[in-house]
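Q: Could you take a close look at one part of this structure for me, the place where the two chains meet? I'm new to it, so please spell out the terms as you go.

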Protein chains: 2
Amino acid sequence: MNNAQSTRRMTIDAMQYSNWNREIFEEWRAADLACAHVTVSIWEDARETLHELGKWATRINQNSDILAPVRSVADLDQAYAEGKTGVIFGFQNSSPFEDDIRLVETFHDLGVKFAQPTYNIQTLVGGSCYEPTDSGLSRYGALVVGEMNRVGMIPDLSHSGVRTASDILDVSTKPVVYTHANPRFFYDHPRNVPNDLLKKVAASGGAVGLAPYPHLTPDDCSVEDFCAMAARVVELIGVEHVAIGTDTGLGHADGVLDWIRMGTWTIEKNYGAGSAANPGWAPLPSWYGGTKDLPDLFSALEKHGFSSDEVDLIAGGNWRRVFVESFVDAAPAADVA
Amino acid sequence: MNNAQSTRRMTIDAMQYSNWNREIFEEWRAADLACAHVTVSIWEDARETLHELGKWATRINQNSDILAPVRSVADLDQAYAEGKTGVIFGFQNSSPFEDDIRLVETFHDLGVKFAQPTYNIQTLVGGSCYEPTDSGLSRYGALVVGEMNRVGMIPDLSHSGVRTASDILDVSTKPVVYTHANPRFFYDHPRNVPNDLLKKVAASGGAVGLAPYPHLTPDDCSVEDFCAMAARVVELIGVEHVAIGTDTGLGHADGVLDWIRMGTWTIEKNYGAGSAANPGWAPLPSWYGGTKDLPDLFSALEKHGFSSDEVDLIAGGNWRRVFVESFVDAAPAADVA
């Protein structure tokens, strides 16, 4: 046990969005996953997000032998110590905030610790990576980022347009992250990140969750290719800012992909990160089929030349540090009307 | 009576947003107002807008001796013939559409015939005139305009940023309007309209509803100044494209102005069309205190040199023509999922 204990590695996956069931949670435990950031809104508005949070309360309750809610670093450390997987909530959109600045704090009080300004279309907050014109951060968006900084909710630039991402990095007083994205030098895709933004994320104290998600990696990407890419990102921004966000989505019905990409905003077909030539759920790579394969990915990183300490940082240490710097005791809002 | 009949002028006010009551409706009748475009959403989302439409159903029902709903040119002509004021619904925001393209047709079926892409902040559809950066029309926004064209809902550029307005004028296949705005040459304000956009509105077959609203006119604007401005706009784009949209807002409680400007998007004070130096409800000009003064405004236009036929166009004829060109029988949407 001491030996097993000594080989444990705090592992944090900064993005999963699956059709949740006990089997997935057991896979988390089999891989000794300390924490999963799970998406509770893609298109959902405030009201609909309350429902999703209610479902998660039940899921955690019904699986409390292996799951625990995480709202603080202490929660994370306790889940890890107890051999449970901590669950941390986040938004892949600002849709739950609607046009109401107060909802940032309200959803934070409900345990939401990450939020993206946009998913696949322009929002009140900013521009998506898929818009031909990225508005940058709107006035409301700047207020939202200010509130997120104040209450301790982490700005997640995944799916943002480059200009919106850059604006948020300029105004945020706390670490800013990409929970699930790769560098553009690895695969040139709107969802992936130019080098200058990777550097700004590092300068903010944030991290980038590299993603084995097929639409964000080159065709036939091998685990060696992925590790070599990670090494290049480490060279560029330092190992303290490189992490994992797998963008794992397991068990969804066929039609769900259309909803994920199209929500209700278009009648005509839209392919999101895919394309007309490659419209469906992309097959996962042989070397990453879900959380169960994370330990092997970490071994591959060591084999590629990373030290065990460096892999500890990539596997979870960096996310933990971001949490330490981000999850603050909030000062009260300026006034209450 | 024949004599009175012969001096009637079909009068249409393209923007009013008051704290509605019987007194206002009686003032409409005293001025023989044929039609008022009334705002049913400023910040309201879909659900809240349903409530506002429900209140209007009651208002029209309880005042059916002098009011009638207008969803077609035939409705307008009938209201005019019967000596009632036709009420036509519109949005000063795209917030009721939320992120759901289907809601354009649904709200049109509820009688909504005008919609702005934005009010005072960036939306999913486009950029507001108050944003430092105007995104232009988003991809969702282009789909919304397409749906509006298809079902017969008029795009209203009031409050839009210049780029968003220009984009809509580029893609719309039907007349595009400003229901309530003045030219920038008259008063340089973000809400007012540059000459090139005035020309594009005319080229689209649309019209501009000139507004005696104090924040959109120069200090101490006289009725002669207003008429001279109208004459310059007529010179620029032709009398067929110049109309009236008073932006009348009567009887609101003090706090309502904060809601109109700030909704729930900011905790810090925001002044909308006003300013820190000029924060409150601006006093109305001596020559325009409400619908009762419209006949005198039309007399002033005649005194300024417009012919009676020209004033007929400005007073309501041009809006009626825009309705004729806009209120089409819709073809069905491309598909129904």
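A: Where chain A and chain B touch, each puts in 32 residues, with contact meaning heavy atoms within 4.5 Å. Keep in mind that this is a predicted model, where local features need pLDDT of at least 70, side-chain atom pairs count only at pLDDT 80 or more, and totals for chains, interfaces and linings use all residues. Residues are numbered from 1 along each chain as its sequence is written, chains are lettered from A and ligands numbered from 1 in the order in which they are written, and side-chain values use heavy atoms, with hydrogens and water left out.

Of the interface residues of chain A, 100% are interface residues in chain B too, so the copies meet through the same surface. Chain A goes onto chain B with a turn of 180° and a shift of 0.0 Å along the axis, at an RMSD of 0.0 Å (superposed by least squares on the C-alpha atoms of residues with pLDDT of at least 70 in both). The two copies are thus related as by a two-fold rotation axis. In chain A, the residue that comes closest to that axis is Ser135(A), its C-alpha at 2.1 Å.

How much surface goes into this? The size of an interface is often given as the accessible area lost when the parts come together. Here the chains bury about 2800 Å² between them, 52% of it on carbon and sulfur atoms; that is the accessible area (1.4 Å probe) the two parts lose on being put together, summed over both.

Now for the charges. Side chains of opposite charge can pair when their charged atoms come close. Between chain A and chain B there are two salt bridges, each a side-chain nitrogen of Lys or Arg within 4 Å of a carboxyl oxygen of Asp or Glu. Arg139(A) pairs this way with Glu131(B), the closest N and O atoms being 3.7 Å apart. On chain A's side of the contact, helix H6 (residues 139–151) gives the most, with three residues; helices here are DSSP runs (H or I, at least four residues), numbered from the N terminus. That side divides into twelve nonpolar, ten polar and ten charged residues, where Ala, Val, Leu, Ile, Met, Phe, Trp, Tyr, Cys and Pro count as nonpolar, Asp, Glu, Lys and Arg as charged, and the others, Gly among them, as polar.

Terms used. Helices (H or I, at least four residues) and strands (E, at least two) are DSSP runs, numbered from the N terminus.
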